[in-house]
Amino acid sequence: MSLTIKVPPVGESITEVTLASWKKKDGDQVQMDEVIAELESDKATFELTAEKAGILKIVAKEGDTLPIGAVVASIEENGGTAAVDSSTKEAAPASQPSPQPATATASATSSQPATKSSLEVKVPTVGESITEVTLSRWIKKDGDTVAMDEAIAELESDKATFELTAEKAGILKTLAKEGDTLPIGAVVCTIETVAVDSSSSSKESAPATASTTATTTSSQPATSYASGVPSPAAAKILAETGVPSKLITGTGKAGRITKEDALLAERISENPQVSKDVKKSDVGVPTSEVAAPKAEVTAPKPEVAGSGSRTDRREKMSSLRKTVAKRLVAVKNETAMLTTFNEVDMSPIMEIRSKYKDKFKEKHGVGLGFMSFFTKAVCEALKDWPAVGARIEGEEVVYSNFADISIAVSAPKGLVVPVIRNAESMSLAEIEKAVAALALKARDNKLTLEEMTGGTFTITNGGVFGSMMSTPILNSPQSAILGMHNIIERPVAVNGQVVIRPMMYLALSYDHRIVDGRESVSFLVRVKQLLEDPARLLLGV
């Protein structure tokens with residue numbers, strides 16, 4: 001009996017994931033709840049576990065983009081395999097006849113009845129909101145022999161591109177054409193098989209069959225649908241260097257081009273002399289290319305951008321970037337977003353940091369930064385103006401009696417916004433520790449979905465990149481976001497005197513549907529007062 005393993009729901013806003021890596025190989029014995037693969041969404045990386053013990057049969061490949069509910073693998077019980085082996089062994093002696101001439105054996109085999117069956121391959125369900133897909137290309141041609149779970153076509157929806165696999169081995173008969181728009185459940189092709197009843201076959205035919213199979217297998221090239229296909233990391237390197245993948249022979253599983261293959265090809269393209277010191281098998285260049293003259297051995301060197309050069313480089317958008325793009329456009333279209341500004345004198349906080357930062361780090365094991373002061377100030381201001389931390393759900397306004405502060409962090413794969421839970425009840429040291437831990441996880445791509453879900457208010461700091469002023473965009477479904485900027489010494493008037501002070505511009509973007517101008521301006525003024533007089537943070541006044 002076989003159990004299908006599908007992509008589990010991982011969040012309300014997540015519709016697809018990427019298969020980052022397989023932890024187990026095809027045919028491996030797995031235990032229940034054992035980790036078999038690593039999936040990656042636009043927000044987090046998480047593990048896929050086996051739902052029962054058995055033999056793993058892989059369906060999806062590393063790097064595939066899979067919709068929620070898509071089949072990733074199947075697990076077959078050991079008992080079924082054992083039963084088949086047992087019945088085969090028991091039937092062997094009974095079917096053993098006395099030695100006969102080879103011609104008799106061949107005659108008996110050819111006279112066995114054959115049954116022909118056909119399986120329809122339909123467009124699978126790929127998501128709740130997707131009703132049709134486009135057949136972008138056929139990977140296999142009409143009449144080709146395909147293996148079970150082998151990719152035969154590439155389908156494309158408005159959200160993702162995914163592969164259609166063969167549900168059993170046989171002869172492919174295509175029905176739909178490339179470019180056709182097909183509804184979910186439409187028949188794309190059929191797979192025909194011819195089954196031969198071998199119950200009365202003699203044991204003597206076994207060696208001949210095995211010999212024929214071995215000869216046929218050895219005469220066919222050892223290629224598969226993965227041959228010459230670069231891994232995600234390799235594809236990025238090849239795109240940057242301009243080296244065509246067709247000139248590289250992959251050394252990975254099933255001929256896939258690995259990251260090492262791409263790096264080696266890059267070295268050769270930059271310095272052709274390197275190819276003399278590298279073995280032919282390591283270079284990753286086909287034999288026909290190696291045998292050619294030196295000018296043809298190396299991969300074509302990408303054109304160096306110089307005077308008059310006009311070149312473009314295209315990269316496929318990551319899942320994170322596509323989701324961020326959709327959400328930002330949705331926020332601009334669905335909210336009445338406005339921004340109000342103010343400025344704050346940072347000298348009181350800078351004096352506290354300069355005076356106590358060493359003792360603070362010695363006692364708490366973490367540095368004293370600006371983010372903890374801003375977080376505490378925001379939490380206090382939210383108590384006075386709760387509408388700034390509210391959100392709209394349908395026709396209701398939801399007010400929270402807690403402050404979950406989202407901190408925008410620039411991670412290697414893009415912008416992420418982890419959340420500090422119940423920040424209103426935390427000390428400056430606890431906030432600094434939480435910020436440091438979340439920032440480290442973001443850099444290592446180890447943030448969980450739970451750590452990035454929720455939040456009632458967001459703080460973003462463009463000042464670390466040198467921004468003097470900006471209009472931050474809302475983090476939906478939140479209704480406000482505070483933008484910090486760089487600190488610049490500027491002349492300001494204090495008690496009728498012009499003095500030089502370290503000043504920072506503050507920007508508060510808010511949803512005017514729920515936050516009025518009085519509330520937004522008063523909130524920002526309250527934050528300014530608390531930052532310019534940090535004693536208020538301790539006294540709560």
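## A walk through a predicted protein model

Let's start small: Ile-55 sits opposite Glu-76 of strand β8. That pairing belongs to a predicted model, and it's a handy way into the first sheet.

**The four-stranded sheet**

Strand β6 (residues 54-58) and strand β8 (residues 71-76) are joined by 4 bridges and pair in the antiparallel sense. They are part of an open sheet of 4 strands, in the order β1-β8-β6-β3, with antiparallel pairing. What happens at the edges of this sheet? The edge places go to β1 (2-6) and β3 (29-30); each has a single partner strand, so one side of each has no neighbour in the sheet.

**The whole protein**

Now zoom out. The protein has 541 residues, and 38% of them are buried. You'll find 14 helices and 27 strands in it. Take the contacts with a separation of 6 or more: 64% of them are between residues 24 or more positions apart.

How sure is the predictor? The average pLDDT of the protein is 79, and 76% of the residues reach at least 70. Two stretches deserve some caution. Over residues 80-111 the pLDDT stays under 50, and the model gives this stretch 14 contacts beyond four places in sequence. Residues 198-222 also have a pLDDT below 50, with 16 contacts in the model beyond near neighbours in sequence.

**Strands β10, β12 and β15**

Next comes strand β12 (residues 151-156), where 5 of the 6 residues are buried. Strand β10 (residues 132-138) runs antiparallel to β12, and 4 bridges join the two. One partnership to look for is Arg-137 with Glu-154 in β12.

Leu-182 is found in strand β15 (residues 181-183). Is Leu-182 buried or exposed? Its relative accessibility is 9%, so Leu-182 counts as buried. Leaving out residues up to four places away in sequence, Leu-182 touches Val-123, Glu-132, Val-133, Leu-135, Ala-176 and Val-188. The C-alpha atoms of Leu-182 and Lys-122 are 9.6 Å apart, although their positions lie 60 residues apart along the chain.

**The nonpolar cores**

In soluble globular proteins, nonpolar side chains tend to be buried together. Here, the largest nonpolar core has 51 residues, and the members touching the most others are Ile-405, Ile-420, Phe-457, Leu-506, Phe-523 and Leu-531. Helix α11 (residues 370-384) is the top contributor to this core, giving 8 residues. Another core lies apart from it, with 22 residues including Val-7, Leu-19, Ile-36 and Ala-60.

For a closer look at one member of the largest core, try Leu-506. Not counting residues up to four places away in sequence, the residues Leu-506 touches include Phe-341, Val-344, Phe-374, Leu-482, Leu-524, Val-527 and Leu-531.

**An aromatic pair**

How many aromatic pairs does the structure hold? There is 1. The partners are Phe-457 and Phe-523, and their pair is tilted, with 5.5 Å centre to centre and 45 degrees between the planes. Phe-457 is in strand β24 (residues 457-461) while Phe-523 is in helix α13 (residues 517-532), so this pair ties together parts 66 residues apart in sequence.

**Strand β25 and its neighbours**

Strand β25 (residues 480-484) has 5 of its 5 residues buried, so the rest of the structure largely encloses this strand. Ala-480, Leu-482 and Met-484 point one way and Ile-481 and Gly-483 the other way, yet all are buried.

Which strands pair with β25? Strand β24 is parallel to β25, with 4 bridges between them, and strand β27 (residues 497-511) is antiparallel to β25, also with 4 bridges. Ile-481 is a good residue to follow here: Thr-458 stands opposite Ile-481, and Ser-509 is the bridge partner of Ile-481 in β27.

**Some buried residues**

The structure holds 0 disulfides. Two cysteines appear below, together with the two members of the aromatic pair.

| Residue | Relative accessible area | State |
|---|---|---|
| Cys-189 | 0% | buried |
| Cys-379 | 3% | buried |
| Phe-457 | 0% | buried |
| Phe-523 | 0% | buried |

Why do these residues count as buried? The cut-off is under 20% relative accessible area. Cys-379, at 3%, is therefore buried, and Cys-189, at 0%, is buried too.

Terms used. Residues are numbered from 1 along each chain as its sequence is written. This is a predicted model: local features need pLDDT of at least 70, side-chain atom pairs count only at pLDDT 80 or more; totals for chains, interfaces and linings use all residues. Side-chain values use heavy atoms; hydrogens and water are left out. pLDDT is the predictor's confidence in each residue, from 0 to 100. Contact means heavy atoms within 4.5 Å. A nonpolar core is a set of buried Ala, Val, Leu, Ile, Met, Phe, Trp, Tyr and Cys residues joined through side-chain atoms within 4.5 Å. Buried means under 20% relative accessible area, exposed over 50%, partly exposed in between (1.4 Å probe, protein chains only). Two strands pair if DSSP finds at least two bridges between them. A disulfide is a pair of cysteine sulfur atoms within 2.5 Å. Rings of Phe, Tyr and Trp (its six-membered ring) pair if their centres lie within 6.5 Å; planes under 30 degrees apart count as stacked, over 60 as edge-to-face and the rest as tilted.
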